[in-house]
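Okay, I've got a few minutes, so let's look at one model together. I'd like to start at the ligand and work outwards from there.

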Amino acid sequence: MIAASWIQFMIHDWIDHLEDTQQIEELRAPEEVASQCPLKSFKFYKSKETPTGFYEIKTGYLNRRTPWWDGSAIYGSDVEILKKVRTFKDGKLKLSENGLLEQDENGKIISGDVRNTWAGLLSLQALFVQEHNLVCDALKKEYPELEDEELYRHARLVTSAVIAKVHTIDWTVELLKTDTLLAAMRANWYGLLGKKFKDTFGHVGGAILGGLVGMKKPENHGVPYSLTEEFVSVYRMHQLLPDKLQLRNIDTTCGPNKSLPLTNEIPMGDLIGGKGEESLSRIGFTKQMVSMGHQACGALELWNYPIWMRDLIAQDVDGTDRPGHVDLPALEIYRDRERSVARYMNFVEGCCKFPSLNGKT
Ligand code: HEM
């Protein structure tokens, strides 16, 4: 479950489509299947379409988060949040004494991104705030002359790089466990010259020889920074989430199968949003992390979508619960259609130029 929380932690660093709050859409279940649907209909905002200014692709969607690996899930994507999470002392970020994220005067969690959260994601955010603060301590010890702003900026750079490295070298390699993937991810990070060479001599050559990390300038081949809608679509990995979180007894030693005894199970509904924050402070950081480490996440396959997500309270950007519920899997299909993600056969045809199978797609 740490892997599942990790990828959500990454998504909250990378993407969140801006919505058009002037355009409300409604999805209704067709009568033949309505009896099997937890929600017969639900309302939501359309994605906000924006002109790109390019000839070939005329419109696109704005990202509410600063895209990619700048650690915005803990630091924030705008000036207001960037300030809100900082203590302005020794470069550090706000953190409660129990190692969890702090709450503001309205009881709202303080973090870079607080939308559609749950106890697992909150724990990882807290973990990397702890890491940031530890880096600040280490830097201050080594360079006592550094002021708050310098300490903050250096610690942010280090922590964001650690996050990017965990994702490339550890998470991706573990989740897609093949030798080819391992080689590809290491080439991506260290280049063909490999880790030993880079650790000894630093970055040498271009992306191919020395890897992407450490290059003086990005190589974007003239394409402005963007993520494709297919990227967003494949990362909707909600099947990774279970129905219940299994809590472990952390005050005892492991049995012969290396698992700590199970104490109780908590339905995911009690671990999301505002309820999730309360549950996490009762469970505590260590127990949450250890328990997640002992539980397998859901398989990314068909017919494995969590039922509780078919009647879900989605949240606003500031973490406030929205009044209406949504059927998330239905909404996900709608989003792909709305954002023109190619259907499977169109995609295959587009990529490989195969003719369609007997003319049908
Ligand atoms: C309890 C945990 C989670 C909750 C409550 C949750 C809820 C949501 C909601 C309400 C949306 C917006 C749907 C829309 O309006 O289009 C969304 C989008 C998304 N979620 Fe989750 N989610 C959770 C966990 C995860 C996990 C584990 C992943 C794994 C990668 C994930 C990946 C995504 C992605 C890629 C999007 C699309 C973002 C966009 O359209 O810009 N979520 N989620």
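So, keep in mind that this is a predicted model. Start with α1, because... well, just look at who lines the ligand: α1 gives the largest share of the shell, four residues. In total, 22 residues surround the ligand. If you want to find the closest ones on screen, go for Q8, N116, W118, M237 and A314. And which elements give two or more residues to that shell? Those are α1, running 2-14, and α13, at 328-338.

What about the chemistry of the shell? By class, you've got 15 nonpolar residues, with four polar and three charged ones alongside them.

Now zoom out a bit. The chain is split into two domains: domain 1 is 2-17 + 63-326, and domain 2 is 18-62 + 328-361. Where does the ligand sit relative to domain 1 and domain 2? Both of them give residues to the shell, so the ligand lies between them.

Okay, on to how the two domains meet. Their centres, taken over C-alpha atoms, are 27 Å apart. At the contact, 16 residues of domain 1 go up against 18 residues of domain 2. On the domain 1 side, the elements giving two or more residues are α10, that's 229-234, and β8, 321-326. By class, that side of domain 1 has six charged, six polar and four nonpolar residues. Put that next to the ligand shell, with its 15 nonpolar residues, and you have both pictures.

That's it from me.

Technical notes. Residues numbered from 1 in each chain as written. Predicted model: local features only at pLDDT ≥ 70, side-chain atom pairs only at ≥ 80, totals over all residues. Near = placed C-beta within 6 Å. Nonpolar A, V, L, I, M, F, W, Y, C, P; charged D, E, K, R; others polar. Domains from an automatic or database assignment. Contact = placed C-beta atoms within 7 Å.
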